[in-house]
Every structure is written in structure tokens, then in C-alpha cells.
Amino acid sequence: MKAKATEIQTTVELCNAKFRKLVGVDARPETMEQELDRAALEKEREQADFETQSSAASRNLQAAQTSLSSLKAQAKAKQDEIKSLDKRIQAGLRDGEYDGTVEEAVDGASKEIGVRNEDLGKSAGTHDVYQRFLTTGKSKKCCPLCTRGLNDQEMATFEKNIRDTMKKSTPEAIKELQKELQDWESELKRLQELAVLSAARTNLQTVELPALEKQIQAKEADIPGLTTEAEEASAQLAEVTRELKEIAAMRQHAASVSKAQKEMERLKQEIAALESDLVASGSTKTADDVQQDLDQVTAELRTNEREKQLLLADRDNKNAAVRTHETNLHRLELDESECRNKLRDKDELERRIEEMRTEITTANARLKDLDAKIGDAQAPIEKLEREHKELERELNAKITQAQKASQDLNMSADKLESMNKWLVKNGKEKITRRLKELNELIEERETEVQEQALKLEQVRAKLSDIDREINEAGMTMANLRENLRFRRLKRDLAATEAQLDAIDMDEAAKAKRIWTEKWNVEKQKETDLQTKSARVGGELNSLEDQLKTFENDMQDFKNVNKKYRDQLIKVKMSDMANNDLEKYAKALDNAIMKYHSLKMEEVNDTMRHLWNKTYQGTDIDGIKISSDSEGGATKRSYNYRVVMTKDQVEMDMRGRCSAGQKMLASIIIRLALADSFGQNCGILALDEPTNALDTENIDALAASLVDIINERRDHANFQLIIITHDESFLRKLGQSNVMEYYWRVSRDSRQKSVIERHRFG
């Protein structure tokens, strides 16, 4: 009871300053709740007015920002269009090889057309006149105009000048002038189209873009004022909302004071009853003595609990030490097993080394025998090497000719490519004429390629014959070599047996030394020749592979111009289609993102308004739905979560709020989503909303639903359907005067469902 009294006094002292600021009078335990209710009603009226002002200011600011964004987008589009036009104009000027502006190019083309027209006018009908002048001058030996006599030299000069002038008026010259005139007229038409683009670019730069920039500057000048207005309205609304929250928090303190007073009354009654029971039982202990005994027993229990915790900690430490020793033992066993494996590997390696040494000794003995046999076969090998060199020279000459023919073909291909570029640049008639020449040249080259192919086949056939002859000669030479070796060895054996008795050991040692020196020299020569033969064979194989590669390339480059043109058309069409699809995808993605952000802002604004109107606590300032974007630009998804805010700090509601707060948040989220996405269907249905809620949360839920009904009852399409078994919850809703009747579902005596209408009260 003393604790409750102290709690009441402390609460009143702590809240007195804030209570006086909010209400205007000092706090008294008996009237705190009534004064706070009166102050809350006044602040709610102020909050409604400030909300209206803040919403209007926010709408104006949002409209200005949207208009500014649209204007900036239009300005960027105009700038992009100017850049695109500029690129097209520059490309058109580069195609005609003009250095100045479009207007200068049009003037130049017009002048060229005038010159051609003037030349055509002069040339028309002058050929016959000059012919008569020439005939008259030659017959009369004088000038046809001034009748001045002309000698032979002057007559030759006169005839030359007249004929040069007549060449300019021939039908061929006139056709050439007409062709040039048509070309210049086509060029003028193309330049006039560029002039239209230039005029559009000038209009964008000088008229449309400056007008948009002026509008953007005007909107940017208006936005600071609208922002200030919206911030002031928001600040006023936030101040009133803060005061309402403080009043709500103060209500909790007032409720705790009232509850403490009731507890004090109940404790007084219990103390009186206990004292009466003690007096009746004859005990001399008072309530304070009993409380002291309880405190002593509690202290002993805490001491025992601490000792228990210490013993448990000691047990855990010892178990950890045992596990550590077991781990070390297991690691040592693994090390021992690894050492045994290494020892077995060492024994195996020593055994293999001994075997290899034996094999090396055997190989050295065989090598000596082979060296003796190679010395006997040296002469036939030299003869074959000479024949091989001659064949190698012939093959090199033929391969050189084939390489030269291949280089000529590559040069012809390069020349064809350059001609193709030149053909693209020149006119259609020149293209046709040049194409005919190139086709003839291609046919000639193809004939040459076929001839080279025939020669190549002949070379290959000859190579095959040579290889076959070499193989046959090798077999014959092997037989002859063996026969010669046998006969020579037989003769040498007889001579050696005859000479053994005639020579002494010194001469034999000297001869052996001389033979050994010569054998080493010849052995080195044989090694060098074998290396050279292997290198030549490798080069020959490489040249054959290169020839095959050139033949494959020749087949691949057949009809290369047509293939290149078809592939270029496909690539360009694919690029254009991909660019268009990319633009459409970006525009659609931006539109979806903008719609998503606008709808999320609308939902969160509605949730914040409903939470501030219905929630009575001070631990949560507001709730909203936060969406985190995941994935890339082409595959985006959102992770939605409900967060609560307190002093501008956001926290996830999951695991941090009570069941009543979760239920209220669920209802508010459904209302906000219905407002944004289902404006023509404002039905809210709640099935057993009081499940898993205690009494205080049920009362808070009922109060919140009453506030929501009062807030939404003016909406024509708002309907609330509640299914519940909690009659106390239903009774609290009925006592709030927000509904007149309800429907009860029950069973009759035949276990049939019956629906009855009942009025509250």
C-alpha cells in the first residue's frame, strides 16, 4: 500500500509540469482523466483543421513537382531530338562531302544546276552553226564573220579551235551534261530534305526549347513557396499530433493513477481482513513480520540459485576441456597414420630406383650394339640423303610457286573488296559497267585457281610416287645392306684372323683409338643429318597444311559479297528492332515504377492518418509499408514489410508489437489498400478479431474500431462485417452508439441454424 501511495505521488509530480502545459491547471488524481478527455477533444478538432490544410498544401506541391518533372522530360526529349537531327544533318553533309552548312550546300547545288543549264542552252543547236563556219572558212580561206584572209597556219589554228568547240556540243557531251544535271538535281532534292530537318532543329533550339526552359524556371520559382507552405502545415499538424500523443500518454498515467487508487482501497480491505485473521488465530506476527520472513526466504533461494549456476558453469568448462583433449588425440592419430604411409612410399621409391638402374645398364649395352650397326649402315644413308635433298629442292620450288599463286589470289580478293567499296560509292550505271568487268576478272581468276589446283594435284601425285619409291628403295636397301654387311663381316673376320698373328697389341690399340675417333665424328654427322631430315619433314607437313587452309579459305570466300550484304541487312534490322524494344521496355518500366511509387505513397498516407486517429498509445508514432527492390532492371521484385516509426526511426513490426497492435495494423492496412485499389468496394470483413487477445487489447481493439467507424461512416461505400463469439467485445461496440442492431446465429431444438436480429441495449 505504501508502494502504491508512493507511485501515485511520484506519477503526479512527474506529470504535473506537462499536465499544466497541456491542460492549464495542476494535476489532481481525482480529476486527471476528465481534464485530459476535454483537452483531447479540443486538440482533435485542431488536428482535423490542420490535416485539411496540410493535405491541400501537399497536393499543390505534388502537382507542381509533377508538372516540373513533365516539363523537364519534355525538355530532355527536345534536346535528344535536336541531337538526333544534328547527327542526321551532319551525316547527310558528310555523304555529299560538304564542309559548310546546309544552306551553303543548297546554294552551291543550285549554282551547279544553273551552270549545267547554261551549258546545255549554249550547246543546243550550235553544232550545225560551227560546222557551217568551218566549211565556209576552209572553202574561202577566210574568217566567216570578219572575212579576213587566213594563211595555212592561221587556218590550222582556226580549224582546231572550231573542232574543240564542236566537241563540247556533240550528242555525247550533251548527254553527259544532262546526266550531270540530273545528278545535281537529285543532290539538290536531298539537300532540301536536309534543309527541312535544319529548319526543324532551328525551331526547336530557338523557340520550343527556350519556352520550355522559361516554364521550368517559373515552376522552380513556385516550388520553394509551396514547399515552405507544406512544411509549415506539416509542422503545425505534427505539433498538434505530438500534443495528442502526449495527452494519450498522459491518459495512461492517469489510468495508472486511478488503478493504483483502486488497488490501495483493495489492499486496505485485505490488510484489515488479514489482521482480523491473525488476531483470531492468536499469532503475534504482524503483516510486516510476515513480509520480512518472505524476504529472507527469497534471499536464500537466490543464493542457492547462484551456487547452482556456478556449478553448471564449472561442469561446462570441464566438458569443453575433455572435448579439446579428444580432438588433440584424434589429430595425433592422423599424423601417425600419415607418417606410416610416407614410410611405405619411401621403400617403394627405393625399390623402383634399383630397378631403373638395372634398366639403364641394360640400355647402355644395347646402345653400344646399335652404334656398331649404325656405323655399318652409314654409306647407304648418305646416298638416300643426297636423293632426299634433290627431291626437297624440287618440292620447295613447287611449293614456292603454289605460295605465289595463293598470294596472287589474296591480292585479287583484296582488290575485289576495294572495288566493292568503290562500287558502293559510285552511281548505278558505273556499278553495272564495273560489275561486268569484275565478273570477267573473277572468271579469269577462277580459271587460274583451277589451273593451280590441277598443278597442285599433279605435285601431290608426284609426291606420292616419290614416297612409294622411297619406301620400296628402303626395303631393297635394307636387304642389300644386310647382304653387304654379311659379306663384309665375313671378309673382315677372315682378314682379322689372318692378321691377329701378324700384328702386335700396340698396333691394335692404336688402330682401335683411331677407329673410335672416326666413329665419334661420323656419329655426330649422323645425328645432325637426322635432325635436319626431321626439320625438313616438319616444314613439308606445315606447307601442306597451309595449302589445305588456303583451299578451304577459297571455298569460304565464294559469294562473299552476297553473303556480306545479306548478313549486314540482318544485323541492321536486328539492331533497329532491339533498339525499339529497349525503348519500349524502358518506357513501360518507368511508367510501372512511377505508378508503384504513387500508390505506395497514397497507401502510406492513408495508413498514417488512420493510425493517428485510432491508436491511443505513445510508443508508436505511425506505421507504413516499406518496399525493398530486389534483382536487376530486367527482373525486379519487391520485398514488402510493415514498419513502425518512433521519433523518425523505422523498425520492423514483426516481433516488436503486441497482438492488439498487430490486429489494428492489419485492419488499417486493409482499409488503406481498399481506398487505393478498390474504391468502388469498401467492404471490410473481420473473422474472430479477438482471438489470442487479452482483455486490455480487446478493449483497445473495440475502441480503435469505433474510431475507424466514426472516421469512415460518411463514406457511401463503407461497410464493416464482424464475426465474433466474444459477447463482451460485441457489447463494447454496442455501447459506443456506432451500430443499432446485430445478427445472432444459433441452433434451435432440431439443431437447425437460426439467424435472429437483435437490437443493442
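I take buried to mean under 20% relative accessible area, exposed over 50%, and partly exposed in between. I also keep in mind that this is a predicted model.

**Entry 1: the acidic patch**

I looked for charge on the surface and found a negative patch made of E440, E443, E444 and E446. I picked E446 to follow up and placed it in helix 9, residues 428-500. Is E446 buried, partly exposed or exposed? Its relative accessibility is 43%, so I put E446 down as partly exposed.

**Entry 2: helices 11 and 12**

I went to helix 11, which runs over residues 560-614 and has 55 residues. From first C-alpha to last I get 79 Å, close to the 81 Å expected at 1.5 Å a residue. Then I asked which residues of helix 11 are buried. They are H596, K599, M600, V603, N604, T606, M607, L610, W611 and T614.

Helix 12 has 19 residues, 659-677. Its span comes out at 27 Å, close to the expected 27 Å. I noted its buried residues too, among them G660, L664, I668, L671 and A672. Q661, A665 and S676 are also buried in helix 12.

A reminder to myself on spacing: an α-helix has 3.6 residues a turn, so residues three or four places apart point the same way.

**Entry 3: salt bridges**

How many salt bridges are there? I have 19 in my notes, and I looked up three of them.

I started with D183 and K179, whose closest N and O atoms are 3.4 Å apart. Both sit in helix 6, residues 171-281, and because they are four residues apart, about one helical turn separates them. D183 is partly exposed, since its relative accessibility is 41%. K179 is partly exposed as well, at 29%.

Next I checked E582 and K586, where the side chains meet in a salt bridge at 3.4 Å, N to O. This pair is in helix 11, and because the two are four residues apart, they are about one helical turn from each other. E582 has 42% relative accessibility and so is partly exposed.

Then I turned to D621 and K646, with 3.8 Å between the closest N and O atoms. D621 is in the loop between helix 11 and strand 1 (622-630), while K646 belongs to strand 2 (residues 637-646), so this bridge ties together parts that are 25 residues apart in sequence. D621 counts as buried because its relative accessibility is 17%. Its partner K646 is at 28%, so I call K646 partly exposed.

**Entry 4: positive phi without glycine**

I also went through the backbone. E688 is not a glycine, yet its phi is positive, about 50 degrees. Where is E688 found? I located E688 in the loop between strand 4 (682-687) and helix 13 (695-712). E688 is at 16% relative accessibility, so it goes down as buried.

Q751 is not a glycine either, and I read a positive phi of about 60 degrees there. The loop that holds Q751 joins strand 6 (741-747) and strand 7 (753-759). Is Q751 buried or exposed? Q751 counts as exposed, because its relative accessibility is 52%.

Side by side in my notes, E688 is buried, whereas Q751 is exposed.

How values were computed
Residues are numbered from 1 along each chain as its sequence is written. This is a predicted model: local features need pLDDT of at least 70, side-chain atom pairs count only at pLDDT 80 or more; totals for chains, interfaces and linings use all residues. Side-chain values use heavy atoms; hydrogens and water are left out. Patches are made of residues with over 30% relative accessible area and no salt bridge: like charges are joined within 9 Å, nonpolar side chains (Val, Leu, Ile, Met, Phe, Trp, Tyr) within 5 Å. Accessible areas come from the Shrake-Rupley method with a 1.4 Å probe; for residues, only the protein chains shown count as cover. A salt bridge is a side-chain nitrogen of Lys or Arg within 4 Å of a carboxyl oxygen of Asp or Glu. Lys and Arg count as positive and Asp and Glu as negative; His and the chain ends are not counted. The place of a charge is taken as NZ of Lys, CZ of Arg, CG of Asp or CD of Glu. Buried means under 20% relative accessible area, exposed over 50%, partly exposed in between (1.4 Å probe, protein chains only). The expected span of a helix is 1.5 Å times one less than its number of residues.
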